[in-house]
Amino acid sequence: NQTLLELRARLPCLQAYRPGTAVIMSSTSWSPDEDFDILLDALVQFQKTKSQICLLIIITGKGPLRSQFESRIQQLDLSPQIHIACAWLESSDYLALLQATHAGLCLHASSSGLDLPMKVLDMFGAQLPVLALDFPALPELITNNHNGLTFHDAHTLANALVYLLADFDGQSSPILARLKQNSRFLPSDDWHAHWRRSVLPLVLS
């Protein structure tokens with residue numbers, strides 16, 4: 001696997017990275033289904049904790065709401081320790097970055113309460129613990145404080161960041177290490193069982 005420093009040489013979204021920075025990655029189609037304002041509000045609250053952690057959030061993807069989000073970033077008074085980078089990555093770079101970052105972030109809000117975000121499976125495939133917005137079907141993928149952390153709003157996301165990065169040493173933290181150990185790709189039987197139980201009845205109805 002390539003390191004963050006190695007990837008920084010060719011990925012502009014990593015230009016703010018310095019050794020010791022905690023890097024959290026998300027992906028999105030920039031649709032109304034994902035409210036990234038939750039993230040921005042959480043980062044404002046996170047910096048009020050006076051944490052000394054340097055934090056880089058990388059968000060990959062294309063879509064209609066990206067420019068609106070980037071405009072709001074410019075309006076925020078974030079500390080120099082907190083950086084947000086938006087990017088479009090080729091699939092190979094996306095996978096390489098997933099394998100090198102410290103945690104994943106999912107703001108997927110299921111309108112049906114049934115569909116599961118594929119990006120979480122990508123993250124678990126890279127053995128990456130995930131911070132995820134909670135909704136009814138999410139426990140099929142994430143058990144809070146076992147293979148990830150769930151949140152409900154900006155306040156609980158800010159608290160999750162503080163908890164996750166406590167005693168971060170530039171490479172990991174005790175919580176990160178434990179969650180990472182548990183964040184393995186789900187057996188296919190779990191995925192199929194969820195589909196048969198939750199989605200198939202709707203298809204057949």
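Modeller: A residue is called buried when its relative accessible area is under 20%, exposed when it is over 50%, and partly exposed in between, using a 1.4 Å probe and protein chains only. This is a predicted model, in which local features need pLDDT of at least 70 and side-chain atom pairs count only at pLDDT 80 or more, while totals for chains, interfaces and linings use all residues. Residues are numbered from 1 along each chain as its sequence is written, and side-chain values use heavy atoms, with hydrogens and water left out.

Colleague: How would I apply that to Lys 50, and where is Lys 50 found?

Modeller: Lys 50 is found in the loop between helix H2 (37–47) and S2, where helices (H or I, at least four residues) and strands (E, at least two) are DSSP runs numbered from the N terminus. With a relative accessible area of 64%, Lys 50 is exposed.

Colleague: What is the phi of Lys 50, and which residue in the loop between S5 and S6 should I read with it?

Modeller: Most residues other than glycine have a negative phi. Lys 50, which is not a glycine, has a positive phi near 65°. Asn 145, in the loop between S5 and S6, also departs from that rule, with a positive phi of about 70°, and at 30% relative accessibility Asn 145 counts as partly exposed.

Colleague: How many helices and strands does the protein have, and in what order do the strands form the sheet?

Modeller: There are 8 helices and 6 strands in the protein. Strands are said to pair if DSSP finds at least two bridges between them, and here the 6 strands form an open sheet with parallel pairing, in the order S3-S2-S1-S4-S5-S6. Strand S3 (82–87) and S6 are the edge strands, each pairing on one side only. Direction ignored, neighbouring strands of this sheet are turned by 20° against each other on average.

Colleague: Which helices pack on the sheet, and at what angles?

Modeller: Axes are lines fitted to C-alpha atoms (for helices over the stretch in contact), with angles from 0 to 180 degrees between N-to-C directions, and contact means heavy atoms within 4.5 Å. Helix H3 (residues 66–75) packs on the sheet, touching strand S2 (55–60) and S3, and its direction makes about 160° with that of S3. Helix H4 (residues 91–100) packs there too, touching strand S1 (22–27) and S2, with its direction at about 140° to that of S1.

Colleague: How do I read strand S5, and what joins S4 to S5?

Modeller: In a regular strand the side chains alternate between the two faces of the sheet. Both faces of S5 are covered, since Val 130 and Ala 132 on one side and Leu 131 and Leu 133 on the other are all buried. S4 and strand S5 (residues 130–133) run parallel and are joined by 3 bridges; Leu 105 stands opposite Leu 131, and Cys 106 has Ala 132 as its bridge partner. S5 and S6 also run parallel, joined by 4 bridges, and Val 130 stands opposite Gly 148 in S6.

Colleague: Which residues of helix H7 are buried, and what covers them?

Modeller: In helix H7 (residues 174–182) the buried residues are Ile 175, Leu 176 and Leu 179. They cover an arc of only 95° around the axis (taken from the directions from the helix axis to the C-beta atoms), which puts them on the same side of H7. Their cover includes strand S4 (103–106), strand S6 (148–151) and helix H6 (154–164).
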